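Subject: Structure for your review

Hello,

Here is the structure we discussed handing over. Please open it alongside this message.

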Amino acid sequence: MSNKPNYFLSILKMKCPHCRRGDMFRNKNPFQLRFSKIFDMYEKCPVCQQKYELETGFWFGTGYVSYALGVALSVFNLVWYWFFFGMSWKDDSIFWWLGVNGIILIALQPWLMRISRVIYLYFFVYYDEDTAQLPDAPAAHDHSH
């Protein structure tokens, strides 16, 4: 029996949903200076060869995931802000929260965009325990586009 990789850690590490070992993105850092490289993904998993873009236009659905994550993060920000600073219309603290929340959302946008793709793909591609028998991906970079 194989040691099944953790579902949530695989999502956070942005690993292939099929084998949970191969990277989905060529560069692991979403906060790189070149925004054009944020979505620089492998066409297929370097370990199990699972295709990532299941059909043309597949990634359009990630907007719904990104929206839900943005709302959840905003609610989380509201709770901690209210707990630490309080919230009132009288002292304009709601506007301060809106500013802080906006800055946090903008700062995390590259990560949110990537994790939305990962979560969306996990809806459609399921883990296959047989992939645990596959050798790890070679260290050489995949040059297929």
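Below are notes on the core, one helix and some backbone angles.

This is a predicted model, and the values are computed from it.

Core. The largest nonpolar core has 21 residues, and the members touching the most others are Met 24, Cys 45, Tyr 52, Trp 59, Val 118 and Leu 121. The biggest contribution to this core comes from helix α3 (residues 93–124), which supplies five residues. Beyond its neighbours within four places in sequence, Trp 59 contacts Met 24, Met 41, Tyr 52, Glu 53, Arg 117, Tyr 120 and Leu 121.

Helix α2. With 24 residues at 1.5 Å a residue, α2 should span 34 Å, and its end C-alpha atoms are 33 Å apart, so the two values agree. Its buried residues are Thr 62, Val 65, Ser 66, Gly 70, Leu 73, Ser 74, Asn 77 and Tyr 81. Helix α3 is among what covers them. After α2 comes Gly 86, with a positive phi near 80 degrees.

Backbone angles. Most residues other than glycine have a negative phi. Two residues to look at in that respect are Arg 20 and Asp 92. Arg 20 lies in the loop between α1 (7–12) and α2 (62–85), and its phi is positive, about 60 degrees. Arg 20 has a relative accessible area of 10%, which is under the 20% cut-off, so this residue counts as buried. Asp 92 sits in the loop between α2 and α3 and has a positive phi near 65 degrees. At 39% relative accessibility, Asp 92 falls between the 20% and 50% limits and therefore counts as partly exposed.

Regards

Terms used:
Residues are numbered from 1 along each chain as its sequence is written. This is a predicted model: local features need pLDDT of at least 70, side-chain atom pairs count only at pLDDT 80 or more; totals for chains, interfaces and linings use all residues. Side-chain values use heavy atoms; hydrogens and water are left out. A nonpolar core is a set of buried Ala, Val, Leu, Ile, Met, Phe, Trp, Tyr and Cys residues joined through side-chain atoms within 4.5 Å. Buried means under 20% relative accessible area, exposed over 50%, partly exposed in between (1.4 Å probe, protein chains only). Helices (H or I, at least four residues) and strands (E, at least two) are DSSP runs, numbered from the N terminus. Contact means heavy atoms within 4.5 Å. The expected span of a helix is 1.5 Å times one less than its number of residues.
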